[in-house]
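Work through the exercises below with the sequence and the model at hand, and try each task before reading its solution.

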Amino acid sequence: MKKLLLIIIAFSFAQSMVAQQESAFGDGEWFKFRMSYSGFLKAGNATLTVKDSKLNDKEVYHVVGKGWTTGMIKWFFKVKDRYESYFDKETIMPYKFVRNIDEGGHTKDIEIDFDQHNQKAHINNKKHKTKKVIDTKPNIQDMVSTYYYLRNKININTLEIGDEFKIDMFFDEENYGFKLQYLGIETIDTDFGDIEALKFRPYVMAGRVFKEEESLTLWVSKDKNKVPLRIKADLAVGSLRADLEAYKGLKHSFKIVVNN
C-alpha cells in the first residue's frame, strides 16, 4: 500500500509539472486589435506576432508588436510604434528588447540587451547615440515579454478574486515593479461571440498619460490560450479601448458562444 501511494504521488507530481510547463502560445500566433478613442472614434490598429527565432545561438521566441493610428486621428496625432522582444522559449526571460516609436513627433529608438546571468541591461539609445549599462533585478522582464510570461505562469484553475502577481520589469532605462490583480470572471461581447473572460487590473504609473494607478483593465479568455480580448485605459483626457479583431495560430481550442 505504501509503495502504491508513493507511485500515485509521484505520478500526480509529474502530471502537475507537465501542466505547468505547457505553454499558452507558440510559433505563428497572431493577434490584430481595433483601437477606439472614448468608445466611438476609431483610433488605429495594433498587431502582435510570435515567431520561432535564434539569437546568439539560443532558441527564442521573437515577438513583434506594432501600433498605428488610422482615420481622422492620424491627421492631428500620428502614431507609428514598433516593439520587439526576444525571449527564451523555456523560461520566458528576455534577451533583447527593441522600442522604436513615433507618437505625434515624440520619438524613441532604443535597443536593450539583457544579461540575465549578471543582471545587467545594455542600453543602446540610437536616437541620442549613447550607450550605458544599468543594473537590473533578477529575472527581469521587458514590457512585451511580461504578458507572455504571465500567460504561462497564471493557473486559471486556482485563481481567486484579489490574487496579485508581481513582476520586476525594465522599461527604457529603469526598473519597475509591475503588479497585476485578478478581479473575477465576466462574459463579454466580442466580434466572435460571447466569451467567458478573466478580468484583471494591471497597475500603472499615474501621471502624464494615465489618470491613476488603476486606469487599466484587461480581459483575457478563460482557457489555455489566455487570449487578450479587450483592454480599456482611462487616460488623462478621454479613454482608449483595444478590442481583438482577428487572430490565427492559437495553440489551444478557443471556446466561443456564437451570437445569433
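**Exercise 1: a buried pair**

Task: Decide whether Arg151 and Glu29 are buried or exposed.

Solution: Both Arg151 and Glu29 are buried, where buried means under 20% relative accessible area, exposed over 50%, and partly exposed in between, computed with a 1.4 Å probe on protein chains only. This is a predicted model, in which local features need pLDDT of at least 70 and side-chain atom pairs count only at pLDDT 80 or more, while totals for chains, interfaces and linings use all residues. Residues are numbered from 1 along each chain as its sequence is written, and side-chain values use heavy atoms, with hydrogens and water left out.

**Exercise 2: a pair between strands**

Task: Find which parts of the chain are tied together by Lys32 and Glu245.

Solution: Begin with the contact itself: Lys32 forms a salt bridge with Glu245 (a side-chain nitrogen of Lys or Arg within 4 Å of a carboxyl oxygen of Asp or Glu), and their closest N and O atoms are 3.8 Å apart. Next, place the residues: Lys32 lies in strand β1 and Glu245 in strand β14 (residues 239-248), so the pair ties together parts that are 213 residues apart in sequence; strands are DSSP runs (E, at least two residues), numbered from the N terminus. Finally, Lys32 is partly exposed at 25% relative accessible area, and Glu245 is partly exposed at 26%.

**Exercise 3: the network**

Task: Name the residues that are linked with Lys32 in a network of salt bridges.

Solution: The network links Lys32 with Arg34, Asp191 and Glu245, and the structure holds 19 salt bridges.

How values were computed: Helices (H or I, at least four residues) and strands (E, at least two) are DSSP runs, numbered from the N terminus.
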